Every structure is written in structure tokens, then in C-alpha cells.
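Work through the following exercises on strand pairing and overall dimensions, with the coordinates open beside the text.

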Amino acid sequence: MSNSLYFRKDSEGLSCSRTPSNKSLKEYALMNRRINLKKDLKWHEVRHLQNFLREADIWNDFPVIGLTLVSAEIKKSWNDQSIDLLYLRQDGALIPCELKIGGNSKDSHGQLIRYIADLHYRNPFDLLKDSRNKFVEGLDDPDPIVQRIHKKKFNDFMSVNGIDDKFIRILPRSGILMDEEFQPYLLKAVRYLNEVCGFSIKMIQIKAYVKESWSQDDTSYLFRVDFVDIQ
């Protein structure tokens with residue numbers, strides 16, 4: 001199963017949507033030439049992909065059903081490590097996510113485990129409250145309407161799922177890895193952690209597609225990014 005974001009690049013810049021127009025829907029659906037976000041589109045992990053995932057917070061069940069985004073780039077005061085993305089699950093569990101692009105990472109599972117270890121020593125309710133406030137205040141779009149949309153979506157998620165202070169918790173061995181590829185040795189390591197050590201690490205592969213005639217020199221084009229659960 002996959003979720004998708006639909007992108008448009010033109011003279012006004014880069015924009016994305018979860019629901020493309022009927023006119024362009026068929027064009028997106030027929031795209032089957034896979035490209036690399038880092039190598040072909042020159043994307044940066046934080047400036048591009050993480051930023052679009054923040055904006056995608058306004059949509060429900062993205063990139064995983066049953067999760068909503070709490071915050072992004074959560075920095076720690078006692079070291080230089082920062083948690084790329086932090087999600088809240090329908091049952092009140094906080095789930096960290098390690099985000100990569102390029103597909104060459106050798107230690108993303110190690111980074112995720114370090115996130116989990118750091119979170120273990122935090123008060124989950126304070127973490128949720130502080131991280132969410134900083135997230136809304138730090139949105140690239142300062143428009144109060146945009147901020148209200150993000151706040152309403154999060155508050156609705158909390159209300160619909162009956163989440164309050166006593167349900168918010170940090171799971172000891174759970175997290176998400178996102179990347180364009182997972183090297184065989186990394187796949188083996190994560191499967192060992194899941195099958196033998198009691199971890200529950202979800203791997204989501206990011207796949208970008210363009211039409212066959214696409215060129216890096218094009219000034220205007222469409223592309224689709226799929227988020228595929230590979231487990």
C-alpha cells in the first residue's frame with residue numbers, strides 16, 4: 001500500500017498536493033520513469049523533503065494511516081542530535097522517524113535507536129506539548145489561517161481518538177525509517193531487530209516518478225512521489 005504526493009514545478013516554484021486535478025490525474029498515474037530526489041532533482045533532506053512532509057501534515061493518514069505529525073527537527077539540548085520527525089499514533093504512542101534521501105544510508109536504523117533511547121528519558125506529555133508548539137510557530141507559512149488548519153487537524157486527531165495526558169507514552173522499540181532505497185545489509189539488520197529483538201520498525205520507501213520524456217533541463221514539469229510500506 002502506498003500514499004502519494006503530487007508535485008508541480010513551474011515559474012512560480014514548487015508545489016504539492018494529495019489530490020491532483022482531474023486534468024492532470026491521468027498524467028500522474030502514467031508516470032513510470034523512476035528518478036532519484038537527491039541526484040536528479042538536487043533535493044536536500046531537510047530543506048525539501050522534510051519541509052514538504054511538514055506541509056503534508058494538513059492531510060489525514062499521511063504517510064501512514066493512523067498517525068499525525070507532532071513536530072519536525074526536534075533538537076536536544078545536551079547533544080547535536082535532532083529527531084527528524086515525531087508522529088503521534090491513534091492510541092497516544094509517540095513514534096520517531098529517521099528521514100533520508102539518496103538511498104545510501106548505512107546507519108539510519110542506528111540513528112533511529114538513538115532517537116528512541118533519547119525519548120525514553122523524556123516526559124512524553126511535556127515533549128508532545130513543547131514540540132507541537134514549536135512546530136506551529138516554526139511553519140514556513142506564517143499565515144494565521146494555515147496555522148489554524150494545522151492546529152485544528154491535530155486537535156481533531158486528539159479528540160476523535162480520545163487521547164489525553166494519561167494515554168501519551170513513548171514506545172520502547174518502535175519507529176519509522178524513510179529513504180529512497182534500503183541497502184540489503186540495512187534491510188537484514190532491521191528485520192533482525194524486528195523478528196529477534198522485539199522491535200517494531202516500519203520501513204517506508206520513497207519513490208519519485210516522472211514521464212519518460214522528462215529532462216533535468218525542463219523548467220516546468222510534474223512528478224509523483226510514492227511512500228510505500230515495504231513490510
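Two exercises with worked solutions follow.

The model is predicted, so that local features need pLDDT of at least 70 and side-chain atom pairs count only at pLDDT 80 or more, while totals for chains, interfaces and linings use all residues. Residues are numbered from 1 along each chain as its sequence is written, and side-chain values use heavy atoms, with hydrogens and water left out.

**Exercise 1.** Determine which strands pair with E9 and in which sense.

*Solution.* Begin with the elements, where helices (H or I, at least four residues) and strands (E, at least two) are DSSP runs numbered from the N terminus, and two strands pair if DSSP finds at least two bridges between them. Strand E8 (residues 174–179) runs parallel to E9 over six bridges, with Ser-174 bridged to Ser-200. Next, E3 (residues 33–35) is joined to E9 in the antiparallel sense by three bridges, and here Arg-34 stands opposite Tyr-209. Finally, E10 (residues 221–229) pairs with E9 in the antiparallel sense over six bridges, Gln-205 having Val-228 as its bridge partner.

**Exercise 2.** Assess how far E9 is covered, and compare the radius of gyration of the protein chain with that of a compact globule.

*Solution.* Taking buried as under 20% relative accessible area, exposed as over 50% and partly exposed as in between (1.4 Å probe, protein chains only), eight of the 11 residues of E9 (residues 200–210) are buried. For the whole protein chain, 49% of the 231 residues count as buried. The radius of gyration, taken over C-alpha atoms, is set against the globule rule of 2.2 Å times the number of residues to the power 0.38; a compact globule of 231 residues would have a value near 17 Å, and the 18 Å of the protein chain agrees.
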